[in-house]
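User: I am new to this structure and would like to understand the terms used for it. Please take me through them with care.

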Amino acid sequence: MSTPCFGALQARILRDGKCLPGGILKVDGFINHQIDPDLLEQMSVEFIRRFASVEFNKILTIEASGIAPAIMLGFLLHLPVVFAKKKKPSTMDNMLTTSVFSFTKNRSYDVCCSKDFLKPSDKVLFIDDFLANGNAAKGIIDLVQQAGAQLAGMGFLIEKSFQHGGDYLREQGIKVESLAVIKSLDNCTIEFA
Ligand code: 5GP
């Protein structure tokens, strides 16, 4: 049985979300450009509820759009937040690197994280804004495995289930929680699961 959508986010998507051709949902007015901190807080509280049975000591995300929701969750739980970087800093060695294909940009990019902040003793909860085909999530799984750390779960604000990344992650036995699940954006109509 799937978990129901988080009502406050669902209502906001219906009010302010915009469909773009190619199955893209624009949420620039409250998540991706202008940010609504009150909604972020409510969503983080919902993540805390949904991951209450899971043990983790660190929150991991990918820059840039995952950082705000990850920070809010880390703030509420008093846990450190690490974001995987999309450009390797020249000052950083001791790096873990993986390649991620971006569906919105239609190209691959490298994602990296310092071994100083992702260690074998870490149990990480991954947080991101969108789950689509699951490529960013697969990159994160690779980084976590390279580090010898444990993946405690993956939380997404919005899952587009018609792109099936969530199916793949759940088949791997990963605990995946998405606060709003969209099953179709056909004809620019937002249809929730
Ligand atoms: P995936 O790697 O799961 O295919 O896509 C996830 C990443 O692509 C997210 O981190 C997000 O930044 C971006 N993304 C995928 N679909 C959408 C979308 O419909 N709208 C926006 N704004 N970003 C998306």
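Analyst: A polar contact is a pair of N or O atoms within 3.5 Å; within protein, one atom must be able to donate a hydrogen and the other to accept it, and residues adjacent in sequence count only if both atoms are side-chain atoms. This is a predicted model, in which local features need pLDDT of at least 70 and side-chain atom pairs count only at pLDDT 80 or more, while totals for chains, interfaces and linings use all residues. Residues are numbered from 1 along each chain as its sequence is written, and side-chain values use heavy atoms, with hydrogens and water left out.

User: What makes the pair formed by a nitrogen atom of the ligand and a backbone atom of L25 a polar contact?

Analyst: A nitrogen atom of the ligand and a polar backbone atom of L25 are 2.7 Å apart, and the limit for such a pair of N or O atoms is 3.5 Å, so the pair counts as a polar contact. Oxygen atoms of the ligand also take part, with one 2.8 Å from a polar backbone atom of N133 and one 2.7 Å from a backbone N or O atom of G134. The protein buries 87% of the 500 Å² that the ligand exposes when taken alone, areas that come from the Shrake-Rupley method with a 1.4 Å probe, where for residues only the protein chains shown count as cover.

User: Which residues surround the ligand most closely, and how many are there in total?

Analyst: There are 17 residues around the ligand, the closest being L25, A132, G134, A136 and K160; a residue is near a molecule if one of its heavy atoms lies within 4 Å of it. Strand β7 (123–131) gives the most to this shell, with four residues.

User: Why is D36 called buried?

Analyst: Buried means under 20% relative accessible area, exposed means over 50%, and partly exposed lies in between (1.4 Å probe, protein chains only). D36 has 17% relative accessibility and therefore counts as buried. D36 sits in the loop between α2 (28–32) and α3 (37–50), where helices (H or I, at least four residues) and strands (E, at least two) are DSSP runs numbered from the N terminus. A polar atom of the D36 side chain lies 3.0 Å from the backbone nitrogen of D38.

User: How do you know that I158 is buried?

Analyst: The relative accessible area of I158 is 0%, so I158 is buried. I158 belongs to strand β8 (residues 150–160), and its C-alpha atom is separated by 4.9 Å from that of F130, 28 residues apart along the chain.
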